[in-house]
Amino acid sequence: MQRDDCIFCKIAAGEIPSTKVYEDDAVVAFEDLSPMMPVHTLIVPRNHYDNIADGIPVEEMGRLFEAVGKVADLKGVRESGFRVVVNTGDDACQSVHHVHVHVLGGAQMNDGDPSLPQA
Ligand code: AMP
């Protein structure tokens, strides 16, 4: 289930370069091109879903979030803490319409606005 016009499908398939952090048969994790934090990794399912509410089967949803802990370990933020963000739709400023989990960390964040992963 790949979309020809989807940049994250192409990254998952290795057709566009990325700095990979982790991959398995279900997901690929790679560094965000414009990091907002010292640690800013994206996790995507290999199959295309527009967003988190796009009917992702439970097994694949589980695999997507199972990868969060693996990425946190690989990036060294499990102990210090990190934030997980899944922007969905226009109001949340989702810019790439292939569901992705942002893993953000590596510095102290504000706690005022949960939508802003700012240091
Ligand atoms: P969102 O605003 O939640 O849709 O986040 C999309 C994220 O994808 C942004 O943080 C972008 O910096 C990131 N991004 C876009 N294109 C690429 C790319 N080719 N490689 C890595 N990250 C990308």
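**View 1. Lys-75 and its salt bridge to Glu-31 in the predicted model.** Lys-75 is partly exposed, with a relative accessible area of 27%. Its salt-bridge partner is Glu-31, and the closest N and O atoms of the pair are 2.5 Å apart. Because Lys-75 belongs to helix H2 and Glu-31 to strand E2, the contact ties together parts that are 44 residues apart in sequence. Glu-31 is also partly exposed, at a relative accessible area of 24%.

**View 2. The salt bridge between Glu-23 and Arg-46.** The closest N and O atoms of Glu-23 and Arg-46 are 2.9 Å apart. This pair links distant parts of the chain: Glu-23 is in strand E1, Arg-46 is in the loop between E3 and H2, and 23 residues separate them. Glu-23 has a relative accessible area of 43% and is partly exposed. Arg-46 counts as partly exposed at 25% relative accessibility.

**View 3. Arg-78, Asp-73 and a network of salt bridges.** The side chains of Asp-73 and Arg-78 meet in a salt bridge with an N to O distance of 2.5 Å. Arg-78 counts as partly exposed at 46% relative accessibility, and Asp-73 counts as partly exposed at 44%. Elsewhere, Asp-24, Asp-25, Glu-59, Arg-63 and Glu-66 are joined into one network by salt bridges that share partners. The whole structure holds 8 salt bridges.

**View 4. The open sheet and helix H2.** The sheet has 5 strands in the order E1-E2-E3-E5-E4, with antiparallel pairing. Strand E1 (20–23) and strand E4 (82–85) each have a single partner strand, so one side of each is left without a neighbour in the sheet. Neighbouring strands are turned against each other by 20 degrees on average, direction ignored. Helix H2 (residues 58–75) packs on the sheet and touches E1, strand E2 (27–31), E3, E4 and E5. The direction of H2 makes about 150 degrees with that of E3.

**View 5. Strand E3 between E2 and E5.** E2 and E3 run antiparallel and are joined by 5 bridges; Phe-30 has Leu-42 in E3 as its bridge partner. Strand E3 (residues 39–45) also pairs in the antiparallel sense with strand E5 (residues 101–105), over 5 bridges. In E5, Val-101 is the bridge partner of Ile-43, and Gly-105 is the bridge partner of Val-39. E3 is largely enclosed by the rest of the structure, because 7 of its 7 residues are buried. Both faces of E3 are covered, with Val-39, Thr-41, Ile-43 and Pro-45 buried on one side and His-40, Leu-42 and Val-44 buried on the other.

**View 6. A nonpolar surface patch that includes Val-84.** Phe-65, Phe-82 and Val-84 make a nonpolar surface patch of about 220 Å². Val-84 lies in strand E4, where E4 stands at an edge of the sheet. The relative accessible area of Val-84 is 35%, and the residue is partly exposed.

**View 7. Ser-34 in the loop between E2 and E3.** Ser-34 is exposed, with a relative accessible area of 53%. Arg-63 is 29 residues away from Ser-34 in sequence, and the C-alpha to C-alpha distance between the two is 25 Å. Arg-63 is one of the residues in the salt-bridge network of View 3.

How values were computed. Residues numbered from 1 in each chain as written. Predicted model: local features only at pLDDT ≥ 70, side-chain atom pairs only at ≥ 80, totals over all residues. Heavy atoms only, no water. Pairing = 2+ DSSP bridges. Helix = DSSP H or I, 4+ residues; strand = E, 2+ residues; numbered from the N terminus. Axes fitted to C-alpha atoms, helices over the stretch in contact; angles between N-to-C directions. Contact = heavy atoms within 4.5 Å. Patch = residues over 30% accessible without salt bridge, like charges linked within 9 Å, V, L, I, M, F, W, Y side chains within 5 Å. Areas by Shrake-Rupley, 256 points an atom, 1.4 Å probe, with all protein chains shown as cover. Salt bridge = Lys/Arg side-chain N within 4 Å of Asp/Glu carboxyl O. Buried < 20%, exposed > 50% of the residue type's maximum accessible area, 1.4 Å probe, protein only.
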